[in-house]
Amino acid sequence: MNQEHEPEATRRDASDTESSRASRGWWDSNADEYQSEHGAFLGDDRFVWGPEGLDEAEAALLGPAAELKGRRVLEIGAGAAQCSRWLAAQGALPVALDLSHRQLQHALRIAGGVSEDATALVEADAGALPFRDGSFDLACSAYGALPFVADPVRVLREVRRVLRPGGRFVFSVSHPIRWAFPDEPGPEGLSVGASYFDRTPYVEQDEDGRAVYVEHHRTLGDRVRDVVAAGFRLEDLVEPEWPGWNTQEWGGWSPLRGHLIPGTAIFVCTAEAGGR
Ligand SMILES: C[S@@+](CC[C@H](N)C(=O)[O-])C[C@H]1O[C@@H](n2cnc3c(N)ncnc32)[C@H](O)[C@@H]1O
């Protein structure tokens, strides 16, 4: 982090506005490091749902790849838009949206090296999507936006609004059980250190008390209720198991922990007709 003082980690409330401001600043400052650390794993045009390495090509959570051709797909919290580029390669018409200008600059950088890149990039907050009602057939998000917002129902309602009725939204987030464990890849990350039920956000703040990084926690039950409250039907909840081939750590996600507790939760949802 490019700051003179190390931010202080604490647990306190953080509003939607404060969370968005912190996320934009943090991802703008840390996009370079994120892409250089994880870019090889993410690939230039691979769609991976999380640190376990579950590929959309294998999981087909958005539907069979052969049926993606011509589908209008919105990716939320797209980062450098790796997932969108995979979708474009299947013939889909992706729009990659992110709050961070710097993350989207990485999308442009990678697109320069990918032939026939057809990904539109939009810089916006997932809580106020700049699209008309029913503009998309599908929406997706791999760890984008939802773990970082104070009001996830607002984001889910926005996604529901811009999807056509019957459209599918698939999103992955940190598995809620991780909240109870220290974010460490080794054995120290295997002992419960906090209450799973404590929703107080994790905040890193500067010396003036301004949030520079915020993560919000929802229990599994909260996430299910959020999805339903926003007008979706929950079709599936996927908890990818750590595969034997993946020996790579990603922050607190590791083979050691991944073989014992889930690291990612993927929600497969369908937009109800009429919405809420
Ligand atoms: C963990 S990264 C995931 C990026 C990408 N999906 C990937 O798998 O590499 C989270 C992304 O969500 C974006 N983000 C955070 N809050 C957001 C918001 N309110 N609206 C839109 N994007 C947001 C961040 O800028 C960041 O690029």
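**Note on the predicted model: salt bridges, helix α1 and the ligand shell**

1. The structure, a predicted model, contains 18 salt bridges. One of them joins the side chains of R72 and D137, with an N to O distance of 3.0 Å. This pair connects distant parts of the chain, the two residues being 65 residues apart. R72 belongs to strand β2 (residues 72–76), whereas D137 belongs to strand β5 (residues 136–142).

2. Helix α1 deserves a careful look. It covers residues 16–42, which amounts to 27 residues. A straight helix rising 1.5 Å a residue would reach 39 Å, yet the end C-alpha atoms of α1 are only 28 Å apart. Where does α1 depart from a straight course? A kink of about 55° is centred on N30. After the helix comes G43, a residue with a positive phi, near 75°.

3. The ligand is surrounded by 20 residues. Y34, D98, Q103, A126 and A142 are the closest of these. Helix α1 supplies the largest share of the shell, namely four residues. By character, the shell comprises 12 nonpolar residues, six polar residues and two charged residues.

4. Which atoms of the protein lie 2.9 Å from a nitrogen atom of the ligand? One is a polar backbone atom of G77, and another is a backbone N or O atom of A126. Y34 contributes through its side chain instead: an N or O atom there is 2.7 Å from an oxygen atom of the ligand. As for the cover over the ligand, its exposed area when taken alone is 600 Å², and the protein buries 96% of that.

5. For inspection of the model, two places may be viewed in turn: the kink centred on N30 in α1, and the salt bridge between R72 and D137.

Conventions:
Residues numbered from 1 in each chain as written. Predicted model: local features only at pLDDT ≥ 70, side-chain atom pairs only at ≥ 80, totals over all residues. Heavy atoms only, no water. Expected span 1.5 Å × (residues − 1). Bend = angle between axes of the 7 residues up to and from the residue. Near = heavy atom within 4 Å. Polar contact = N/O pair within 3.5 Å; in protein donor to acceptor, adjacent residues only side chain to side chain. Areas by Shrake-Rupley, 256 points an atom, 1.4 Å probe, with all protein chains shown as cover. Nonpolar A, V, L, I, M, F, W, Y, C, P; charged D, E, K, R; others polar. Salt bridge = Lys/Arg side-chain N within 4 Å of Asp/Glu carboxyl O.
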